[in-house]
Amino acid sequence: MSEQDPKSTRIEIEGNDGITLRQLVPEDAWRYFGLIEYDRAHLSRHDQDTAFKYPILESVQESIIPPSENPIRLRFGIWDGEIMVGSINLTPEENGRAAEVGYWVGKQYIGHS
């Protein structure tokens with residue numbers, strides 16, 4: 001039994017405005033980290049903990065691997081073409097009737113269409 005390439009099996013949702021949601025894979029970690037690093041001050045405002053959760057590249061890489069505490073959590077990068085502009089997470093509740101949605105967009109991309 002061979003391993004499948006995670007890029008070929010990841011979920012992608014394309015909008016008709018050039019924005020795509022792509023399920024995060026470990027190869028996306030450096031872009032995700034770069035966006036966080038560029039935007040730490042913005043992400044630290046209003047009790048946003050993204051900047052604190054990911055102080056180094058390795059912390060981002062580990063977070064992309066399905067977490068043991070909620071293996072059905074879906075994590076997506078928000079892409080404008082080949083540029084990652086943010087992130088969105090869908091975390092189902094235990095009862096399966098609802099999900100928590102969390103997202104952020106880099107400060108330099110807010111208000112762009």
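**Contacts, core, sheet and salt bridges**

Visitor: Leaving aside neighbours within four places in sequence, which residues is valine 60 in contact with?

Guide: The model is predicted. Neighbours within four places in sequence are set aside for valine 60. The contacts of valine 60 are then Ala29, Tyr32, Phe33, Ile36 and Tyr54.

Visitor: Which members of the largest nonpolar core touch the most other members?

Guide: This core has 14 residues. Helix 2 and helix 5 (57-64) are the elements that give two or more residues to it. The members touching the most others are Tyr32, Ile36, Val60, Met84 and Trp104.

Visitor: Which element gives the largest share of this core?

Guide: Two elements each give two or more residues, helix 5 being one of them. The largest share is five residues, and its source is helix 2.

Visitor: What pattern does the protein chain follow along the sequence?

Guide: The chain has five helices and five strands. Read along the sequence, they follow the pattern α-β-β-α-α-α-α-β-β-β.

Visitor: How much of the protein chain is buried?

Guide: The protein chain has 113 residues. Buried means under 20% relative accessible area. By that cut-off, the buried share is 31%.

Visitor: Which strands stand at the edges of the sheet?

Guide: The sheet is open, with antiparallel pairing and the order 1-2-3-4-5. Each edge strand has a single partner strand, so one side of each is left without a neighbour in the sheet. The edge strands are strand 1 (12-14) and strand 5 (99-105).

Visitor: By what angle are neighbouring strands of this sheet turned against each other on average?

Guide: The sheet has five strands. Direction is ignored for this angle. The average turn between neighbours is 20°.

Visitor: Which residue in strand 3 stands opposite isoleucine 19?

Guide: Strand 2 (residues 19-23) and strand 3 (residues 74-80) pair in the antiparallel sense. They do so over five bridges. Opposite isoleucine 19 stands aspartate 80.

Visitor: Which strands does helix 2 touch where it packs on the sheet?

Guide: Helix 2 covers residues 29-38. Its direction makes about 100° with that of strand 4 (83-92). The strands touched by helix 2 are strand 3, strand 4 and strand 5.

Visitor: What phi does glycine 96 have in the turn of the hairpin?

Guide: Strand 4 and strand 5 pair in the antiparallel sense over seven bridges. In that pairing, proline 92 stands opposite alanine 99. The two strands form a hairpin with six residues between them. Glycine 96 in its turn has a positive phi of about 75°.

Visitor: Which side chain of opposite charge is nearest to aspartate 39?

Guide: Aspartate 39 sits in the loop between helix 2 and helix 3 (40-43). Aspartate 39 is buried yet has no salt bridge. A salt bridge needs nitrogen and oxygen within 4 Å. At 6.5 Å, the nearest side chain of opposite charge is lysine 107.

Visitor: How far apart are the closest N and O atoms of aspartate 28 and arginine 10?

Guide: Both residues are buried. Aspartate 28 lies in the loop between strand 2 and helix 2, and arginine 10 in the loop between helix 1 (6-9) and strand 1. Their salt bridge has its closest N and O atoms apart by 2.8 Å.

Visitor: Is glutamate 12 buried or partly exposed?

Guide: Glutamate 12 belongs to strand 1. Its relative accessible area is 40%. Buried means under 20% and exposed over 50%, so glutamate 12 is partly exposed.

Visitor: What is the N to O distance in the salt bridge of glutamate 12 and arginine 22?

Guide: Arginine 22 is buried, with a relative accessible area of 11%. The side chains of glutamate 12 and arginine 22 meet in a salt bridge, with an N to O distance of 4.0 Å.

Visitor: Which residues do salt bridges with shared partners join into one network?

Guide: The whole structure holds four salt bridges. One of them joins arginine 10 and glutamate 12 at 3.9 Å, N to O. Another pairs glutamate 12 in strand 1 with arginine 22 in strand 2. The network formed through shared partners contains Arg10, Glu12, Arg22, Asp28 and Glu82.

Conventions: Residues are numbered from 1 along each chain as its sequence is written. This is a predicted model: local features need pLDDT of at least 70, side-chain atom pairs count only at pLDDT 80 or more; totals for chains, interfaces and linings use all residues. Side-chain values use heavy atoms; hydrogens and water are left out. Two strands pair if DSSP finds at least two bridges between them. Helices (H or I, at least four residues) and strands (E, at least two) are DSSP runs, numbered from the N terminus. Axes are lines fitted to C-alpha atoms, for helices over the stretch in contact, and angles run from 0 to 180 degrees between N-to-C directions. Contact means heavy atoms within 4.5 Å. Buried means under 20% relative accessible area, exposed over 50%, partly exposed in between (1.4 Å probe, protein chains only). Lys and Arg count as positive and Asp and Glu as negative; His and the chain ends are not counted. A nonpolar core is a set of buried Ala, Val, Leu, Ile, Met, Phe, Trp, Tyr and Cys residues joined through side-chain atoms within 4.5 Å.
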